[in-house]
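Here is a set of exercises to work through with the model open beside you. Try each one before reading its solution.

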Amino acid sequence: MDLLSIKNPAFLKGMSNAELEELSADIRTFLIESLANSGGHIGPNLGVVELTVALHKVFDSPKDKFLWDVGHQSYVHKLLTGRGAEFDTLRQYKGLCGFPKRNESEHDVWETGHSSTSLSGAMGMAAARDIKGTDEYILPVIGDGALTGGMALEALNHIGDEKKDMIVILNDNEMSIAPNVGAIHTMLGRLRTAGKYQWVKDELEYLFKRIPAVGGKLAATAERIKDSLKYLLVSGMFFEEMGFTYLGPVDGHSYEDLFENLEYAKKTKGPVLLHVITKKGKGYKPAESDKIGTWHGTGPYKIDTGDFVKPTAAAPSWSGLVSETVRKLAREDERIVAITPAMPVGSKLEGFAKEFPERMFDVGIAEQHAATMAAGLATQDMKPFLAIYSTFLQRAYDQVLHDICRQNLNVFIGIDRAGLVGADGETHQGVFDIAFMRHMPNMVLMMPKDENEGQHMVNTAIQYNDGPIAMRFPRGNGLGVKLDEQLKTIPIGSWEVLRPGKDAVILTFGTTIKMALQAAEELQKEGKSVRVVNARFIKPLDEGMLNEILAEGIPILTIEEAVLQGGFGSSVLEYLHDKKASHIKVERMGIPDEFIEHGSVDALLEEIGLTKTQVAETLRDLLPSAPRKGIGS
Ligand SMILES: Cc1ncc(C[n+]2csc(CCOP(=O)(O)OP(=O)(O)O)c2C)c(N)n1
C-alpha cells in the first residue's frame, strides 16, 4: 500500500485482518527504511504497529482521544493520520516532530515528551467530557516504563476512585528506555505469564452463582472464601483493587486478540485497563534482539547490518566522563552512591553499576523520588551522585529545593544534556535549569569549559562538604582535550580569564565559550581588545573578578545557552544593580522567552542568534566608541 497517500484513518474500517497484516508489514518496512536515514525512535514504534492500527480501526480519532505517553511511539499514528509524506523531515529543523504536536494534526490531542503524563491528561479530558455531556472515548496509551512514574500512579489512584469511563492501554514490552525495573514491573511479569484474566473471572462468577444462597455466618464465610479465591486465581487484582476492570494479557501483535478485547473494553463501564503485550523492535532483527535499549532511539543506521552510521568520536562522551570519574572516586570513597531515574545507559552508568552493584540505584522514571532519596542518603553521611538530564530535573524542582537545599545536604547533581539537545526538541531542551536552580539557597551551580575541567569539577563536587553542588554538562562529546592524571579541586566561585582584553568583557561558560573566543578574535582584527572569562561558577558568581570589572567600568556581554529570563546574565545584572553600578553597559545573549523546537543544535543556535557572528555584532554595538543602537539612537 502507498502509505504516503493516506489522508486519515477512515480507510481502515473496511479492511480484513489479512489486509491489515499486509498493511502492518508495509508500515514496518516504511519505518525501517525511513528511520535508517533520519534516525528516531525505531524500537518503540515497531512494537506498536498492530496496536495503533487496531486503535484507529475500532475508535474514531479525533473524536475519540488517543494520548500517547512519552509520545516517542506515535510515528505509526502519524502515518495513519496523513503525515507519511513528511517523514523524510522527521526530527529535523522545521520538519515533522518526533512527538505528538497539536499544531501538526487534529489527531494529536495531547503533547508529550516527558513520561507518565497521559493518565492525568486523560482524567482531565474525561472530566471535561462528563461536565459537557459528550460521549467520546478517552484512551491513554502508556508503557510499562512510564507506569513506574509517580504521576501515573497518582492518576491511577484518582481515576479508579472517580470511576471515570476511560480505556487505559498498557503497552507492556518489558522495557523502559533500558530494561524496566521495580516491583510493578515484577508484578506485570506475573500477569504476563498468568492466564487470561477475563476467562478466570467469568469462570469464578459462574462458580459463585452456583453456591447456594445462605444466611448468617455461613454466608459471610462464603463471601470471604470468594474473595480469597479471587486473590489466588485472579492476577489483575492490583488494578481491580484500584477500581479498574483489568483485561488481558492481550497479544499486541494479534489483530484477532486486539479487536476482541478492544470491543469488550468499549462496552465496559468505568475505567478499564487493557494489558497489551508487545515486542519492542518487532520485525527488525537488530532492534528485536536488543536487550539493553540501544534501539530505543537511534541515529541513522545501515539496514542490512544494523550498524550505526555515526562515526565513533575521538573524545569521551560527557556522560561517560562524568560517570567514569565518579566511579574512579568511588574506589577510594565507599560513601559514594549513584542514582539514576531510569537512565543507566544514557547516563553511562553501566560501568559503575557493574563495579558497585550495591551502591547503584535505578529507581525507574521517578525523578522526584530519586532526588529525595539522594537527600536521605546524604543525611546518613553518604555521598550521593544524582545523574539526571536537565529536562527531567524539572520534575524534581521541589525535591531539590525542599529536601536537598533546605536541609543543606551534600548531594552532587550531575545535570546531563544541559543546553540545546537538538532533534528531541521542545520537550527535551535543557535550558531551564539555571533559571530554576539559581535562586535556591545553598546551591552551587557550575559548568566546565572542557572535559579536563569537567573531571576536576566532578572531583570538586565529591570533595565539597558544604551542601548541594550541581554540574551541568552538554549532550554529546567533549572537545578532545588531554586529561590530567591527577584530579584537582577548583575553588568554589572562581572564574578564569581565558583571553585578556581591556575594552569589553565577555562572561560565559560551557558550550558558548568557543563562539566568544572566536568573536573576540574577530574584534581583535578591528583593533578592539575583548576579554573572555570562563564564568564556570554560575552560582556563586566570582564577586572578586566582577568587582574588578566594575572598577574598570568596561561593558559586559553575558552569553549562555539557556533561557535569559532568570538566567546567568540576569544574575550579573542583579549584582550590578545591588552594587549601584547600573551605569555599566550590559548585553545578554541567550535563549529568548519561548520554547525552542527540534532541529540540529547548529540550526537552532543560528535561529536564536547565538553565533560567533552575532556575538561579534553585539560586541561592536557595546564597545565604547560605537554609538549604541536602541531608543534615541
Ligand atoms: C520524566 C521523564 N523521565 C525520563 C524520560 C526518558 N525516557 C524516554 S522513554 C523512556 C522509557 C519509556 O518506557 P515505556 O513507557 O515502557 O515505553 P517503551 O519505549 O518501552 O515503549 C524514558 C525513561 C522521559 N521521557 N521523561
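**Exercise 1.** Which residues does Val 400 touch, not counting residues up to four places away in sequence?

*Solution.* Before starting, note that this is a predicted model: local features need pLDDT of at least 70 and side-chain atom pairs count only at pLDDT 80 or more, while totals for chains, interfaces and linings use all residues. Residues are numbered from 1 along each chain as its sequence is written, and side-chain values use heavy atoms, with hydrogens and water left out.

Step 1: take contact as heavy atoms within 4.5 Å. Step 2: list the partners of Val 400, which are Ala 371, Leu 393, Cys 405, Ile 413, Met 437, Met 440 and Met 443. Step 3: pick out Cys 405, which counts as buried at 1% relative accessibility (buried means under 20% relative accessible area, exposed over 50%, partly exposed in between, with a 1.4 Å probe and protein chains only).

**Exercise 2.** Place the largest nonpolar core with respect to the domains.

*Solution.* Step 1: a nonpolar core is a set of buried Ala, Val, Leu, Ile, Met, Phe, Trp, Tyr and Cys residues joined through side-chain atoms within 4.5 Å. Step 2: the largest one has 78 residues, and Val 400, Ile 413, Met 437, Trp 495 and Leu 507 have the most contacts inside it. Step 3: domain 2 (318–472) and domain 3 (496–622) both contribute residues, so this core lies between them; the bounds come from an automatic or database domain assignment. Step 4: apart from it there's another core of 49 residues, including Leu 35, Leu 90, Leu 96 and Val 272.

**Exercise 3.** What covers the buried residues of helix α4?

*Solution.* Step 1: helices (H or I, at least four residues) and strands (E, at least two) are DSSP runs, numbered from the N terminus. Step 2: α4 spans residues 75–83, and eight of its nine residues are buried. Step 3: those eight take in charged side chains too, among them Lys 78 and Arg 83. Step 4: the cover includes α1 (17–38), α2 (42–47), α3 (49–58) and β1 (65–68).

**Exercise 4.** Work out which parts the pair of Trp 495 and Phe 568 ties together.

*Solution.* Step 1: rings of Phe, Tyr and Trp (its six-membered ring) pair if their centres lie within 6.5 Å; planes under 30 degrees apart count as stacked, over 60 as edge-to-face and the rest as tilted. Step 2: the whole structure has 19 aromatic pairs. Step 3: Phe 239 and Tyr 246 have ring centres 5.9 Å apart and planes at 5°, so they're stacked. Step 4: Trp 495 and Phe 568, at 6.0 Å centre to centre and 65° between the planes, are edge-to-face. Step 5: Trp 495 sits in the loop between β11 (469–472) and β12 (496–499), and Phe 568 in helix α22, so the pair ties together parts 73 residues apart in sequence. Both Trp 495 and Phe 568 are buried.

**Exercise 5.** Is His 428 buried or exposed?

*Solution.* Step 1: find His 428 in the loop between β9 (412–416) and α18. Step 2: His 428 has 10% relative accessibility, so it counts as buried. Step 3: check its neighbours: His 428 touches Phe 99, Gly 113, Thr 391, Phe 392 and Val 421, not counting residues up to four places away in sequence.
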